Amino acid sequence: IAGIPHTFGFGGLHGATEKPIHTKGLILHVDVGSYYPSMLIAWDLVTRASTNDNYRLVYDTRMKLKHEGKKKEQAPYKKLLNALSGAMKDECNPAYDPRNNNIMCINGQLMLLDLIEHLEVVPGFQLIQSNTDGLIIQIPDTDEAFYQVDDICFDWEQRCSTDKCKILLELDTIAEIYQKDVNNYLWIDAEGKVERKGAYVKQLSPTDNDLPIINEALVEYMVHHVPVEDTINGCTDIIKFQKVVK
């Protein structure tokens, strides 16, 4: 799909360039906001075991807090919303409804596939990765290309939304990205904020502290172009060299 190998499965859509990639330019993170919860409501797929409208109430509360910029306050509601899709696949859960869960997963992937195929008409379009509820794409750094992508995304929202719930896309601008595969990447956004994912570059903690000096050295190299040798040889904090083994 768009020159990228993809896999479809009940875990979602996944695709990434076959070889590691490092690129700069006009890179866009095209993310579906609260994708699965929005789909569950829009397409009447909330578990058929439900006897009330509480899921919709939680969804509306979360969206209100999110739009007010209350990131911390909306987080528990986000966890509640996302928990339902897993519960619908759990035989021991009162919300068990694998049929509706499968419909949600399959159609969610097909809707993203539809978005990719419409974006392919943009001259110079390049797909960097697809991952469950969003895409990372690169386009020529022109107003024409950006407005074309914006129009295609708007049309997609109209096709996928229903009277019950809107399914909306968020566009974030990325200035530079390093990607090993769909689960391991680092990007720097237009404002200089760094997003890290995967064992090689993720932020480590005291309870997950396996050679953190390696992650630190890689991130320093990618973000500030500091040679990895300088970061490693200049570090005197011995806990950063801890190796966790079984």
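A helix, as I use the word here, is a DSSP run of type H or I with at least four residues, numbered from the N terminus. By that rule, residues 228-233 form helix α7, and Thr231 is found in it. Keep in mind that this is a predicted model.

Let me stay with Thr231 for a moment. Is Thr231 buried or exposed? The relative accessible area of Thr231 is 11%, and the cut-off for buried is under 20%, so Thr231 counts as buried. Leaving aside residues up to four places away in sequence, Thr231 touches Ile213, Glu216, Ala217, Glu220 and Val226.

Next, the sheet. It is open, has 8 strands and shows antiparallel pairing. Reading across, the order is β1-β2-β4-β5-β3-β6-β7-β8. Which strands are at the edges? They are β1, residues 6-9, and β8, residues 194-197, each of which pairs on one side only. On average, neighbouring strands in this sheet are turned by 30 degrees against each other, direction ignored.

One pair in more detail: β6, residues 169-181, and β7, residues 184-189, are joined in the antiparallel sense over 6 bridges. If you want a position to look at, take Glu176, whose bridge partner in β7 is Ile188.

Now the helices, starting with α4. Helix α4 lies across β1, β2, β3, β4, β5 and β6, and runs at about 5 degrees to β5.

Helix α4 also packs with α5, at an angle of about 150 degrees and with the axes 10 Å apart. Angles over 145 degrees count as roughly antiparallel, so that is the term for α4 and α5. The crossing of α4 past α5 is right-handed. On the α4 side, the contact is made by Met111, Asp114, Leu115, His118 and Leu119. On the α5 side, the residues are Val149, Ile152, Cys153, Trp156, Arg159 and Cys160. By type, the contact of α4 with α5 has 8 nonpolar residues, 1 polar and 2 charged.

Last, helix α1, residues 35-42. Why call α1 largely enclosed by the rest of the structure? Because 8 of its 8 residues are buried. Those residues are Tyr35, Tyr36, Pro37, Ser38, Met39, Leu40, Ile41 and Ala42. What do they pack against? Two strands, β2 and β3, and four helices: α2 (54-67), α3 (71-87), α4 (98-119) and α5 (143-160). Just after α1 comes Asp44, which takes a positive phi of about 55 degrees.

Conventions: Residues numbered from 1 in each chain as written. Predicted model: local features only at pLDDT ≥ 70, side-chain atom pairs only at ≥ 80, totals over all residues. Heavy atoms only, no water. Buried < 20%, exposed > 50% of the residue type's maximum accessible area, 1.4 Å probe, protein only. Contact = heavy atoms within 4.5 Å. Axes fitted to C-alpha atoms, helices over the stretch in contact; angles between N-to-C directions. Parallel < 35°, antiparallel > 145°, perpendicular 65-115°, else oblique. Left-handed = near helix turned anticlockwise from the far one by under 90°. Nonpolar A, V, L, I, M, F, W, Y, C, P; charged D, E, K, R; others polar. Pairing = 2+ DSSP bridges.
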